[in-house]
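Good morning, colleagues. I should like to take a few minutes to present one structure. Please have the sequence and the coordinates in view as I speak.

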Amino acid sequence: MAADGEEQDAYVLGVHTAVKEFTGKVIAIIHRNDDIEEKWVVAPDGIDFTNEDIAKQVHFQEQYFDYIIKR
């Protein structure tokens, strides 16, 4: 459960089809300095992304927040 009392939100990277469930590895955490939620960044085992790649892929939502990517 996340800090907001709801299920933990996650960005799934490296998968290009819609999924209802996914098992992978948490490769980073998006820590929002101006929100109580953190977002997990999940990828298939054996696949990693740079912080720059992660930032580009989550920009559509995270552009509205002050955040850092934690490894």
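I begin at the surface of this predicted model, where Val-12, Val-19 and Phe-22 form a nonpolar patch. Together, these three residues have about 200 Å² of accessible area.

Where does Val-12 sit in the secondary structure? Val-12 belongs to strand S1, which covers residues 10-12. Val-12 is partly exposed, because its relative accessible area of 32% lies between the limits of 20% for buried and 50% for exposed.

Let me turn to Asp-53. This residue is part of helix H1, residues 51-62. Its relative accessible area is 30%, so Asp-53 also counts as partly exposed. With respect to Thr-23, Asp-53 is 30 residues away in sequence, and the two C-alpha atoms are 21 Å apart in space.

I now come to the chain as a whole. How many helices and strands does the chain have? The secondary structure consists of one helix and four strands, and from the N terminus the order is β-β-β-α-β. The radius of gyration is 12 Å, close to the 11 Å that the globule rule gives for 71 residues, and the chain is therefore as compact as a globular protein of that length. Along its principal axes, the C-alpha trace spans about 30 × 25 × 20 Å.

Two further totals concern burial and surface. Of the 71 residues, 25% are buried. The chain exposes about 5,000 Å², and carbon and sulfur atoms supply 50% of that area.

Finally, consider the contacts with a separation of 6 or more: residues 24 or more positions apart account for 56% of them.

Note on methods
Residues numbered from 1 in each chain as written. Predicted model: local features only at pLDDT ≥ 70, side-chain atom pairs only at ≥ 80, totals over all residues. Heavy atoms only, no water. Patch = residues over 30% accessible without salt bridge, like charges linked within 9 Å, V, L, I, M, F, W, Y side chains within 5 Å. Areas by Shrake-Rupley, 256 points an atom, 1.4 Å probe, with all protein chains shown as cover. Salt bridge = Lys/Arg side-chain N within 4 Å of Asp/Glu carboxyl O. Helix = DSSP H or I, 4+ residues; strand = E, 2+ residues; numbered from the N terminus. Buried < 20%, exposed > 50% of the residue type's maximum accessible area, 1.4 Å probe, protein only. Rg over C-alpha atoms; globule rule 2.2 N^0.38 Å. Contact = heavy atoms within 4.5 Å.
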